[in-house]
Amino acid sequence: MEYINLKDKLPEDEGKYQVNIRTAHGHRESNAIWTPHVGFVLIDDSLVDDEFIEGWLSSN
């Protein structure tokens, strides 16, 4: 499956999603919970240095 870029679309439903994190050396995957009031919150993970969440996988 291909990740949906956060610049293109945000999730509509609250819940757990697989996210794509941009790192200094490429990408890595992690899990996060999405709520529209807070955004993505990583589960048992954290962003380091200049990392950021770039995209997410739809559960559909």
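1. Two strands are said to pair if DSSP finds at least two bridges between them, and the strands themselves, like helices, are DSSP runs numbered from the N terminus, with at least two residues (E) for a strand and at least four (H or I) for a helix. With those terms in hand, β2 and β3 can be described as a hairpin that has 2 residues between its strands.

2. A word on the source comes next. This is a predicted model, in which local features need pLDDT of at least 70 and side-chain atom pairs count only at pLDDT 80 or more, whereas totals for chains, interfaces and linings use all residues. Residues are numbered from 1 along each chain as its sequence is written, and side-chain values use heavy atoms, with hydrogens and water left out.

3. The protein contains 5 strands and 0 helices, so that a reader who follows the sequence meets the pattern β-β-β-β-β. These 5 strands make an open sheet in the order β1-β5-β2-β3-β4, with antiparallel pairing. At the edges of the sheet stand β1 (4-5) and β4 (39-42), each of which pairs on one side only.

4. How many bridges join β2 to β3? There are 9 of them, and the two strands run antiparallel; within this pairing, valine 19 has serine 30 in β3 as its bridge partner. Valine 19 also has a bridge partner in β5, namely tryptophan 56, and β2 and β5 are joined by 4 bridges, again in the antiparallel sense.

5. Further along the sheet, β3 and β4 pair in the antiparallel sense over 4 bridges, and alanine 32 stands opposite leucine 42 in β4. These two strands are also joined as a hairpin, through 3 residues. On the other side of the order, β1 is linked by 2 bridges to strand β5 (residues 52-56), and the two run antiparallel; here isoleucine 4 stands opposite tryptophan 56 in β5.

6. Burial deserves a careful reading, with buried meaning under 20% relative accessible area, exposed meaning over 50%, and partly exposed lying in between (1.4 Å probe, protein chains only). Of the 60 residues of the protein, 32% count as buried. Why is β5 described as largely enclosed by the rest of the structure? The reason is that 4 of the 5 residues of β5 are buried.

7. Two threonines show how the cut-offs work. Threonine 23, in strand β2 (residues 15-23), is buried because its relative accessible area is 16%. Threonine 35, in strand β3 (residues 26-35), counts as partly exposed because its relative accessibility is 22%. Threonine 35 is 20 residues from glycine 15 in sequence, while the C-alpha atoms of the two are 7.1 Å apart in space.

8. Contacts add to this picture, where contact means heavy atoms within 4.5 Å. If residues up to four places away in sequence are not counted, threonine 23 touches Arg28 and Glu51. With that exclusion applied to leucine 57, which is found in the segment after β5, the residues touched are Met1, Glu2, Tyr3, Tyr17 and Gln18. Leucine 57 is buried, since its relative accessible area is 14%, and its C-alpha atom is 9.1 Å from that of asparagine 5, although the two residues are 52 apart in sequence. For the whole protein, among contacts between residues at least 6 apart in sequence, 47% join residues at least 24 apart.

9. As for overall dimensions, the radius of gyration is taken over C-alpha atoms, and the globule rule is 2.2 Å times the number of residues to the power 0.38. For 60 residues, a compact globule would have a radius of gyration near 10 Å, and the 11 Å of the protein agrees with this. Taken along the principal axes, the box filled by the C-alpha atoms is roughly 30 × 20 × 15 Å.

10. The final point concerns surface and charge. Accessible areas come from the Shrake-Rupley method with a 1.4 Å probe, and for residues only the protein chains shown count as cover; the protein exposes about 4400 Å², of which carbon and sulfur atoms supply 46%. There are 5 positive and 12 negative side chains, and the centres of the two sets lie 2 Å apart. In that count Lys and Arg are positive and Asp and Glu negative, while His and the chain ends are not counted, and the place of a charge is taken as NZ of Lys, CZ of Arg, CG of Asp or CD of Glu.
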